[in-house]
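User: I'm new to this one and would like to walk through it bit by bit. Can you take my questions as they come?

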Amino acid sequence: VVDLLVYEPQQKARISVFDKDRFSQDDLLGNAKSILLEPYLKAKEPLDFVLPLQHQGKEAGTLTISCRWFELSSQAPRSFPRAVTKGPSQLLLVVKLNGICDLPQSYKPPFQVKITCHDHHMQSNKSSPPGQIRPVADEVADIARRLQRANHSLEDISEITGLEPQAVKLAVAQDCSESFAKAREESLKEMSATHPKFQQILYKLLPWTTPVSQADVILTLVDRADKPISNPIAKKLSAAV
């Protein structure tokens, strides 16, 4: 049983059929391409249909499959028969990752977040710097430079102006385009470690079995060497359902 997430009626699917070889690479037997899913979205009961297969521009037999459309619901099921829990899935886990703040500068980006629920796994894309760095208002930058010339510390200037320390460095340098470009490059490099951004949503279809319903959703942050750099965060799946 294979589950497919459908985001819009015009979405299309492709099915490839391979043989199973024990001692060599599996061979492609045929493809069913550009299968429009819309005709099958209204089927309340299992629907059987036959797909013609093509391979290297020639007919390659047919594939018979059975499909059924399931609507998402906000109501968690209390139980399912054992046969049903083998598929299709009954639960869609959605994890939204925005970004992380104030990591030690010694950590090595880019980072990834690995997510585990019972024996089901997924992971994020690699992190990126927090976004565009723009100059601050000229008046604020002028105040920052005056405070620096008066030998105020970076922390003092940050507290007085209300700017983040990184923004103070940029404000002091922005009266010179070359200095500002260098400061901006250094700031992006530092903030890619201390304030990485993900800005993505991850989806995972899960069976609503007893082990899954009682499991924790575990998030682990790893660095570019795939090494965990923090203690995992664990939340009960039942708390989000």
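User: Let's start with Tyr-203: is it buried, exposed or partly exposed?

Analyst: Keep in mind that we're looking at a predicted model. Tyr-203 has a relative accessible area of 36%. Buried needs under 20% and exposed needs over 50%, so with its 36% Tyr-203 falls in between and counts as partly exposed.

User: Which residue forms an aromatic pair with Tyr-203, and how do the two rings sit?

Analyst: A search of the whole structure turns up one aromatic pair. Its members are Tyr-203 and Tyr-7, with 5.9 Å from centre to centre. The planes are 65° apart, and over 60 degrees counts as edge-to-face. So the partner is Tyr-7, and the arrangement is edge-to-face.

User: How many residues apart are those two tyrosines in the chain?

Analyst: Tyr-7 sits in the segment before strand E1 (12-18). Tyr-203 is in strand E8 (residues 197-206). The pair therefore links distant parts of the chain, and the separation is 196 residues.

User: What about Tyr-7 itself, buried or exposed?

Analyst: Its relative accessibility comes to 57%. The cut-off for exposed is over 50%, so Tyr-7 counts as exposed.

User: Which residues form the nonpolar patch on the surface with Tyr-7 and Tyr-203, and what is the accessible area together?

Analyst: Ile-201 is one of them; it lies in strand E8 and, at 41% relative accessibility, counts as partly exposed. Val-94 also belongs to the patch. So the two tyrosines are joined by Val-94 and Ile-201, and together the four have an accessible area of about 400 Å².

User: Moving on to the sheet with the order E7-E6-E9-E10: which strands stand at the edges?

Analyst: This is an open sheet of four strands with antiparallel pairing. A strand at the edge has a single partner strand, so one of its sides is left without a neighbour in the sheet. That goes for strand E7 (120-123) and strand E10 (233-236).

User: By how much are neighbouring strands of that open sheet turned against each other on average?

Analyst: The open sheet runs in the order E7-E6-E9-E10. Ignoring direction, the average turn between its neighbouring strands is 20°.

User: And how many bridges join E6 and E9?

Analyst: Strand E6 covers residues 112-117 and strand E9 covers residues 216-222. In this pairing, Gln-112 stands opposite Val-222 in E9. The two strands pair in the antiparallel sense, over six bridges.

User: Let's turn to charges. Which residue forms a salt bridge with Lys-114?

Analyst: The count for the structure comes to five salt bridges. In this one, the N to O distance is 2.8 Å. Lys-114 lies in strand E6 and its partner in the loop between E9 and E10, so the bridge ties together parts that are 112 residues apart in sequence. The partner is Asp-226.

User: In the salt bridge between Asp-175 and Arg-145, which side is buried and which is exposed?

Analyst: Asp-175 lies in the loop between helix H3 (165-173) and helix H4 (177-194), and Arg-145 in helix H1 (residues 138-149). Their side chains meet at 4.0 Å, N to O. Asp-175 has a relative accessibility of 56% and counts as exposed. With a relative accessible area of 14%, the buried one is Arg-145.

User: Which helices are tied together by the salt bridge of Glu-190 and Lys-169?

Analyst: The closest N and O atoms of this pair are 3.8 Å apart. Glu-190 is buried at 19%, while Lys-169 is partly exposed at 40%. The two residues are 21 apart in sequence, and Glu-190 lies in one helix and Lys-169 in another, so the bridge ties together H4 and H3.

User: Now the backbone: where is the peptide bond that is cis?

Analyst: Most peptide bonds are trans. This one has omega near 0°, and Pro-110 is found in the loop between strand E5 (91-99) and E6. The cis bond runs from Pro-109 to Pro-110.

User: What phi does Gln-56 have?

Analyst: Most residues other than glycine have a negative phi. Gln-56 is in the loop between strand E3 (47-55) and strand E4 (58-67), and is exposed at 73%. Although Gln-56 is not a glycine, its phi is positive, at about 55°.

Methods
Residues are numbered from 1 along each chain as its sequence is written. This is a predicted model: local features need pLDDT of at least 70, side-chain atom pairs count only at pLDDT 80 or more; totals for chains, interfaces and linings use all residues. Side-chain values use heavy atoms; hydrogens and water are left out. Two strands pair if DSSP finds at least two bridges between them. Axes are lines fitted to C-alpha atoms, for helices over the stretch in contact, and angles run from 0 to 180 degrees between N-to-C directions. Rings of Phe, Tyr and Trp (its six-membered ring) pair if their centres lie within 6.5 Å; planes under 30 degrees apart count as stacked, over 60 as edge-to-face and the rest as tilted. Buried means under 20% relative accessible area, exposed over 50%, partly exposed in between (1.4 Å probe, protein chains only). Patches are made of residues with over 30% relative accessible area and no salt bridge: like charges are joined within 9 Å, nonpolar side chains (Val, Leu, Ile, Met, Phe, Trp, Tyr) within 5 Å. Accessible areas come from the Shrake-Rupley method with a 1.4 Å probe; for residues, only the protein chains shown count as cover.
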